[in-house]
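Here is an informal walk through a model with several chains. Have a look at the structure first, and then we'll go through how the copies meet and how they are arranged.

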Amino acid sequence: MTRNTVQRATAPQAVGHEMCQLISELYPICRSITGDGVRQTLKILQQHIPLTVREVPSGAQVFDWTIPKEWNIKNAYVKNSQGDKIVDFRKCNLHVLNYSVPIHKKISLEELKAHAFTLPEQPDWIPYRTSYYKEDWGFCLSHKVLASLAEGEYEVCIDSTLRDGYLTYGEYFLEGQAQDEILISTHVCHPSLANDNLSGIAVAVFLAKHLSRRSSTYSYRFLFTPGTIGSITWLSLNEARADRIKHGLTLACVGDSGPINYKKSRRGDAEIDRAVLQVLKDSGEPFEVNDFSPYGYDERQFCSPGFNLPVGCFMRTPHGTFPEYHTSADNLDLIRPDCLNDSFSKCSSILQILENNRTYLNLNPKCEPQLGKRGLYGSVGGTTGGKARELAMLWVLNLSDGHYSLLDIAEKSAISFEIIKSAADALLQNQLLEALPRD
Amino acid sequence: MTRNTVQRATAPQAVGHEMCQLISELYPICRSITGDGVRQTLKILQQHIPLTVREVPSGAQVFDWTIPKEWNIKNAYVKNSQGDKIVDFRKCNLHVLNYSVPIHKKISLEELKAHAFTLPEQPDWIPYRTSYYKEDWGFCLSHKVLASLAEGEYEVCIDSTLRDGYLTYGEYFLEGQAQDEILISTHVCHPSLANDNLSGIAVAVFLAKHLSRRSSTYSYRFLFTPGTIGSITWLSLNEARADRIKHGLTLACVGDSGPINYKKSRRGDAEIDRAVLQVLKDSGEPFEVNDFSPYGYDERQFCSPGFNLPVGCFMRTPHGTFPEYHTSADNLDLIRPDCLNDSFSKCSSILQILENNRTYLNLNPKCEPQLGKRGLYGSVGGTTGGKARELAMLWVLNLSDGHYSLLDIAEKSAISFEIIKSAADALLQNQLLEALPRD
Amino acid sequence: MTRNTVQRATAPQAVGHEMCQLISELYPICRSITGDGVRQTLKILQQHIPLTVREVPSGAQVFDWTIPKEWNIKNAYVKNSQGDKIVDFRKCNLHVLNYSVPIHKKISLEELKAHAFTLPEQPDWIPYRTSYYKEDWGFCLSHKVLASLAEGEYEVCIDSTLRDGYLTYGEYFLEGQAQDEILISTHVCHPSLANDNLSGIAVAVFLAKHLSRRSSTYSYRFLFTPGTIGSITWLSLNEARADRIKHGLTLACVGDSGPINYKKSRRGDAEIDRAVLQVLKDSGEPFEVNDFSPYGYDERQFCSPGFNLPVGCFMRTPHGTFPEYHTSADNLDLIRPDCLNDSFSKCSSILQILENNRTYLNLNPKCEPQLGKRGLYGSVGGTTGGKARELAMLWVLNLSDGHYSLLDIAEKSAISFEIIKSAADALLQNQLLEALPRD
């Protein structure tokens with residue numbers, strides 16, 4: 001368990017706070033599925049990990065989709081007849097319907113209302129809305145402000161551009177001993193929204209940083225892509241090598257204070273699904289695990305039937321189920337360093353299981369070996385119940401017939417993976433086990 | 001969903017009342033497993049559907065059974081010493097032990113009691129009893145009447161005949177595009193009992209009528225047979241072609257106000273079992289589904305191990321579990337037009353699922369196709385949750401890898417079959433799916 | 001069901017009391033994993049069943065283990081400075097750490113405490129402790145006595161020997177019609193402890209006695225071995241023939257008043273596991289069934305991965321879960337004749353199922369055969385529900401397609417094995433079934 005020791009050596013609160021700092025730095029940027037917001041975001045990430053930035057030109061065909069024109073925005077506002085800015089993009093970038101085409105004209109209140117998005121149930125919050133694939137323009141504002149507007153003329157201005165350009169994404173590949181890869185994917189297209197998904201970006205970055213400091217069996221691939229079109233682009237460009245991905249997670253909404261919520265991969269019983277479940281059970285904390293469904297984040301693309309990769313989605317409170325979701329209330333107050341850290345730490349434990357989940361062969365399969373003479377078992381008999389570690393050794397010996405991995409054994413014994421792994425290590429040191437080759 | 005539109009065009013209450021009318025017409029007839037009661041019944045059914053009446057002679061061997069002598073009855077009574085008819089077959093045909101041999105003599109009260117069947121717990125009701133395969137005679141009467149009888153001589157008369165003749169059953173075959181058949185079977189041997197089983201007869205007739213007005217993929221076979229011996233006879237005569245039956249239902253007790261109760265086929269996971277369950281779940285109403293057991297109606301024969309046909313039993317309150325079962329209280333008051341109609345409608349939906357349950361292939365299996373550009377997906381993003389139909393399309397696309405039928409998809413997604421089917425139709429129209437051949 | 005009749009002929013209370021008598025006789029003997037205590041125990045058992053006593057020399061290698069030196073003890077005590085025996089082996093043989101090396105010297109209270117075992121939570125009870133594989137000495141005493149000892153010099157004396165000798169075990173083989181064996185194994189190494197495991201010894205002996213009086217299909221092998229090393233020794237000496245064991249039970253703690261607790265074999269769905277579950281369900285009494293775990297009694301060895309024999313562990317209150325476990329309070333008061341008898345009777349029923357669990361073929365598989373004409377079915381129809389035996393016949397006929405044994409049918413029908421077996425016998429007598437060869 002050298003790895004676990006290393007892991008624990010990282011002071012958890014410190015990592016949580018570092019993630020919060022990164023999120024604060026990224027928060028003001030107006031991201032979208034293309035444009036300088038993503039570029040600027042990836043540049044900041046490069047201060048932490050040496051990720052490669054890739055650019056795919058507008059018009060490129062990626063499976064059924066076409067890379068759209070690149071969108072950039074400088075400014076936007078709505079002024080009333082007195083010239084007061086009643087909506088100001090510079091105060092909050094959610095104010096603009098993301099991907100709005102440029103416009104500058106005077107319109108009636110009625111026409112303004114036809115292009116306005118509000119949340120009547122949450123009259124103080126600004127909603128987040130997009131129109132990537134249909135040219136449109138609009139403003140998102142609090143219902144209170146909209147309701148207060150008097151009849152009259154309004155000046156609407158969106159100083160944006162929509163031109164041929166690029167879709168930008170970041171990729172960081174960490175080579176391990178094997179070609180088999182573990183994918184960590186997270187979407188980078190949301191503007192000033194903290195939990196969805198600066199939290200996912202931060203946890204992915206710090207996992208990458210953490211893993212880069214240790215040797216590992218698997219190779220790791222971290223993707224920072226615009227939602228949907230970004231993962232489709234990556235899969236399109238990497239179709240032939242996608243099957244190297246043996247396990248994967250998409251990360252989203254991992255900074256709020258809710259319990260972990262995991263959505264299984266389409267396969268439903270993939271090793272990643274079982275590893276996540278094991279970590280959640282071992283934690284002793286509340287959690288929720290759901291079957292795959294084809295609505296959510298980029299696992300939709302990785303789990304499309306033509307790929308069917310074993311990629312699940314790791315979240316705290318899932319999209320659409322917290323009131324602040326896709327509103328201005330998903331701000332820095334919604335996320336907590338300890339929760340970010342808990343997400344980081346659980347993801348790290350999941351990867352530990354994947355790294356350490358070997359299948360062993362009991363070299364003394366007929367009856368139990370005499371653990372006592374090897375110092376692995378207490379010498380005084382008759383006491384009530386075995387100690388956890390002795391029991392774990394008996395489980396490992398009993399099930400190591402070549403059909404059960406350590407994860408299988410942890411599941412069947414209801415003993416934590418960590419203790420099972422530690423028991424296997426002790427047996428291995430005593431030549432009682434032999435590791436089978438990974439398949 | 002053209003079919004659904006047609007179906008809904010039939011005003012439901014109207015069908016319920018038409019079924020009640022048919023039941024009222026059939027109610028007074030004294031049916032048995034052979035004889036003119038069945039003939040008369042089938043003749044009335046022929047006014048609705050062009051069914052074929054078949055006659056199999058007494059003495060014919062049908063598997064382990066022999067067609068019995070034909071039984072007919074004109075009259076029966078018990079008179080007391082004053083000449084008062086205390087039991088009168090013409091008032092209620094349940095009064096005679098069904099298949100009683102002829103008798104006319106004077107007997108003591110004691111001997112009468114030895115041939116009398118009553119229900120002490122329900123002293124006002126007349127039980128229904130039979131003795132098909134052992135020659136016997138008897139009277140069924142209310143316990144109250146029996147208890148009131150004074151000592152003395154009684155004249156018992158049963159003016160019946162038991163002679164070589166025929167077993168009669170009705171068969172209606174509706175040819176579809178395929179040779180594969182769906183079987184609807186119902187028993188026609190019970191005398192004046194409404195729920196068991198004039199209700200089953202009525203629902204079968206109106207389903208046949210309904211299906212005859214539309215084209216269908218499957219062929220349909222409707223059997224109106226005496227219980228047990230009738231289905232055994234049909235299976236014996238049609239042994240070689242029985243395996244054309246791909247799905248089947250026996251109908252019984254479908255007119256009372258209880259929730260639907262479905263008994264699965266012996267296979268337990270047959271498509272018919274899953275289609276029924278889907279309809280019951282989609283209804284949002286209470287229901288009960290039980291595993292197969294070898295006691296019940298003619299599914300016993302269809303599900304005997306030498307046939308093992310996928311035939312389940314569709315009921316409301318099952319045989320033996322309502323107090324009026326097999327008594328004079330199972331009369332026209334026990335059944336309701338809305339309940340008959342609900343049974344009809346749910347059976348119709350089940351058949352719809354079987355007709356429409358295809359397996360499709362996603363023609364764009366790598367990542368999601370862009371539904372928005374085809375007008376299948378809302379253009380403004382960021383809202384909370386997908387609409388039901390959009391979600392259904394994502395499910396159909398995700399699971400249409402050739403291994404999942406629409407019914408599978410409805411089950412996994414917990415979306416109604418109707419919405420799933422509608423989503424598949426939309427995708428099919430957009431060349432995003434291809435139907436796989438039925439196996 | 002001739003067997004059942006015979007079985008019931010044994011007055012149950014009588015057997016319970018006979019088992020209690022045997023236990024009382026065995027209780028005072030100081031057993032261990034080797035030595036005269038086991039020899040004396042087996043000699044007493046030979047008065048009931050002609051078991052063979054086997055001796056394996058110290059130093060013999062049995063798989064990973066070595067037969068230890070033989071331990072015998074004559075006397076042991078602790079005297080205080082006044083010469084009073086404050087601990088006396090002759091009053092209770094638990095007082096000596098089992099397998100203590102000889103010692104005779106004067107020591108301080110401090111040193112005595114370093115070699116003393118007590119139960120602070122149960123200050124009146126003497127614990128049972130062993131040190132088989134590490135040479136040591138010690139005394140087990142009540143915490144109350146230890147706490148009362150004054151400072152001063154104590155004389156400790158253990159008059160034991162630890163010399164090359166033998167490991168002794170008992171084996172009783174009862175030949176049946178087939179070579180296939182059922183194993184009943186129980187440990188004989190515990191000194192004055194009643195439930196663990198004189199109860200197991202007694203039930204095994206009386207089962208052997210009971211079975212020896214009747215003919216049986218299976219051969220039976222009864223093992224009375226020291227825990228762990230004894231079963232390892234037997235498996236080592238009988239490695240090549242171990243796979244004749246088709247079903248097996250280890251018996252332990254079967255005399256207390258708790259409900260039956262069964263631990264499944266490693267296979268989890270072995271016929272023995274299902275037979276036990278059936279008997280427990282049929283009993284209508286509370287019970288507990290747990291999955292296999294590699295801690296417990298000699299099933300650990302039989303279920304080691306190199307053997308993986310279908311051997312479960314049949315207990316009442318399991319080891320470690322009753323306060324008296326491995327203490328002087330596990331005495332004759334803890335066990336009850338009616339509980340011993342219930343354990344005996346349930347084991348006997350389990351063996352009955354194994355003996356009678358055949359697979360039959362319905363010789364009339366197309367539709368039901370006419371049971372009425374064979375006198376197997378009531379002639380008056382129309383009553384509510386079938387009788388249990390008629391229903392059982394329908395189940396047997398319906399499922400006897402070659403894939404379902406009687407135990408399968410009992411499980412699926414939720415009818416007791418006894419009634420299912422009786423129904424099959426009636427059908428067999430009527431040439432409606434044919435027994436398939438045992439595989």
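## Interfaces and symmetry

In chain B, 25 residues are in contact with 23 residues of chain C, where contact means that the C-beta atoms of two residues, placed from the backbone, lie within 7 Å. On the chain B side, the elements that give two or more residues are helix 7 (229–237) and helix 9 (299–302); helices here are DSSP runs of H or I with at least four residues, numbered from the N terminus. That side of chain B divides into 13 nonpolar, seven polar and five charged residues. For those classes, Ala, Val, Leu, Ile, Met, Phe, Trp, Tyr, Cys and Pro count as nonpolar, Asp, Glu, Lys and Arg as charged, and the others, Gly among them, as polar.

Before going on, some ground rules. This is a predicted model, in which local features need pLDDT of at least 70 and side-chain atom pairs count only at pLDDT 80 or more, while totals for chains, interfaces and linings use all residues. Residues are numbered from 1 along each chain as its sequence is written, and chains are lettered from A and ligands numbered from 1 in the order in which they are written.

Now for chain C and its contacts with chain A: 25 residues of chain C touch 23 residues of chain A. Helix 7 (229–237) and helix 9 (299–302) of chain C each supply at least two residues to that side, which divides into 13 nonpolar, seven polar and five charged residues.

How do the copies map onto each other? The table gives the superpositions, done by least squares on the C-alpha atoms of residues with pLDDT of at least 70 in both copies.

| Superposition | Rotation | Shift along axis | RMSD |
|---|---|---|---|
| Chain C on chain A | 120° | 0.1 Å | 0.0 Å |
| Chain B on chain C | 120° | 0.1 Å | 0.1 Å |

In chain B, Asp269(B) has the C-alpha nearest the axis, 13 Å from it. In chain C, Asp269(C) comes closest to the rotation axis, with its C-alpha at 13 Å.

Inside chain B, helix 10 (residues 337–356) has 20 residues and reaches 28 Å from its first C-alpha to its last. That is close to the expected 28 Å, taken as 1.5 Å times one less than the number of residues. Of those 20 residues, 17 are buried, meaning 20 or more other C-beta atoms within 10 Å of a residue's own.

As for confidence, the model scores ipTM 0.94 and pTM 0.93. Chain A has a mean pLDDT of 95, with 96% of its residues at 70 or more; pLDDT is the predictor's confidence in each residue, from 0 to 100. Over residues 1–10 of chain A, pLDDT stays under 50. Where pLDDT is low, the predicted coordinates should not be read in detail.

Notes
Buried ≥ 20, exposed ≤ 12 C-beta atoms within 10 Å, placed from the backbone.
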